[in-house]
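Work through the following exercises with the model at hand, and try each task before you read its solution.

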Amino acid sequence: MKLFDLIDRLERLVPSAYAEPWDKVGLLIGDPNQEIQSVLLALDLTTDVLQTARSVKADLILCHHPAIFSPLSTLRDDHRDEQRLIALIRDNRSLLALHTNLDAVPGGVADQLALLLELEGIETLAELPAQRTNGVTLEKSAWSRGFSARPGFGRIGDLPSPARLSVVTRQLRQRLHTPHLMILAKEDSRIAKVAVCPGSFDGEWVPLVTAAKCDLLVTGEIKHHVQLELFEAGVAVVTAGHDVSERIVLEPLARLLQDVFPQVGFAVSLPFDYNKIAF
């Protein structure tokens, strides 16, 4: 299929209007008229991802994090970041980013992290402003039908039954496939209500977490003074790593897109496996 047809359908599944104003989402490199037969999903455009794209003969790399974020003043082979962009162009592969819009959309990154913890009664932590959602046509997909939370960042929900923090963190290590979690808590407390925020937690959301009387925040990364503020308010904080908290969306997204675009092949390039670290 033509790339512009794929982009048009993606716009209804993961609307660009849901992205933050500062974000760089959509087609970053490529010809909208390009024929697309194979797509590789990844968190970032890395050298390994480029090699995987070549091995699976991907015409398009769909990344979560935009590889072009700040304006480029050069495009040089001796600049490491620019070198990957040049290689992509030489390979005649296109590059598309779904970033904060994928975070915010129902069924996106935040909902996948809530699903991992089997949270119930899910609500959005920080809803998008009305001007970013009014007039947006969101296609009823397998995602949007399965999640009732409104578009926005982070989710709040209840565990199926209260559990000790040690039990929740053990489940997180298993389900996130990582031995590494940073935990800030006063004790092995009873956890009932949980806030999840994959990627980075914004300090402006602290009042939302405390007002909802959450016992625990699970996030990818958080500034030191922000987690101390939550700690002092009695909220335990578990930090999994930015990429670890987001990579969980890649395979569900690939399955969704395979259903929507059966004529296109979809593959996933997962980031580094922290379980393999051995010193």
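**Exercise 1. Charges over rings**

Task: Find out over which ring the charged end of K186 sits, and how far it is from the ring centre.

Solution: Begin with the rule, by which a charge sits over a ring if NZ of Lys or CZ of Arg is within 6 Å of the ring centre and within 35 degrees of the ring normal. Applied to K186, the rule picks out the ring of F231, with the charged end 5.4 Å from its centre. Then turn to K24, which lies over the face of F69 at 5.1 Å from the ring centre.

Before going on, note that this is a predicted model, in which local features need pLDDT of at least 70 and side-chain atom pairs count only at pLDDT 80 or more, whereas totals for chains, interfaces and linings use all residues. Residues are numbered from 1 along each chain as its sequence is written, and side-chain values use heavy atoms, with hydrogens and water left out.

**Exercise 2. Aromatic pairs**

Task: Decide how the rings of F201 and W205 are arranged, and do the same for F261 and F266.

Solution: A pair of aromatic rings is described by the distance of the centres and the angle of the planes. Rings of Phe, Tyr and Trp (its six-membered ring) pair if their centres lie within 6.5 Å, and planes under 30 degrees apart count as stacked, over 60 as edge-to-face and the rest as tilted. By this rule the model has four aromatic pairs. In one of them, the ring centres of F201 and W205 are 5.8 Å apart and the planes stand at 80 degrees, so this pair is edge-to-face. F261 and F266 also pair, with 6.3 Å from centre to centre and 35 degrees between the planes, and their arrangement is tilted.

As a further step, look at the surroundings: F201 and W205 are both buried (under 20% relative accessible area, where over 50% is exposed and in between is partly exposed, with a 1.4 Å probe and protein chains only). F261 and F266 are buried as well. Finally, F201 and W205 join F153 in one aromatic cluster.

**Exercise 3. Two helices side by side**

Task: Work out how helix 2 and helix 3 are oriented to each other, and which residues meet between them.

Solution: Helices (H or I, at least four residues) and strands (E, at least two) are DSSP runs, numbered from the N terminus. Helix 2 covers residues 47–55 and helix 3 covers residues 80–90, and the two pack at an angle of about 10 degrees with their axes 10 Å apart. Here the axes are lines fitted to C-alpha atoms, for helices over the stretch in contact, and angles run from 0 to 180 degrees between N-to-C directions. Angles under 35 degrees count as roughly parallel, over 145 as roughly antiparallel, 65 to 115 as roughly perpendicular and the rest as oblique. Helix 2 and helix 3 are therefore roughly parallel to each other.

For the second part, take contact to mean heavy atoms within 4.5 Å. T47, L50 and R54 of helix 2 then meet R84, A87 and L88 of helix 3. These contact residues divide into three nonpolar, one polar and two charged, where Ala, Val, Leu, Ile, Met, Phe, Trp, Tyr, Cys and Pro count as nonpolar, Asp, Glu, Lys and Arg as charged, and the others, Gly among them, as polar.

**Exercise 4. Helix 5 and one of its residues**

Task: Establish how many residues of helix 5 are buried, and then describe the setting of A110.

Solution: Helix 5 runs over residues 109–116, and seven of its eight residues are buried, so the helix is largely enclosed by the rest of the structure. The buried residues are V109, A110, D111, Q112, L113, A114 and L116. For A110 the relative accessible area is 1%. Leaving aside neighbours within four places in sequence, A110 is in contact with D103, G154, R155, V196 and P198. Just after helix 5, E118 takes a positive phi of about 60 degrees.

**Exercise 5. Positive phi in loops**

Task: Locate H177 and K213, and state whether each is buried or exposed.

Solution: H177 is found in the loop between helix 8 (165–176) and strand 7, and its phi is positive, near 55 degrees, in a residue other than glycine. At 53% relative accessibility, H177 counts as exposed. K213 is found in the loop between helix 9 (206–211) and strand 9 (216–221). Although K213 is not a glycine, its phi is positive at about 60 degrees, and K213 is exposed with a relative accessible area of 68%.
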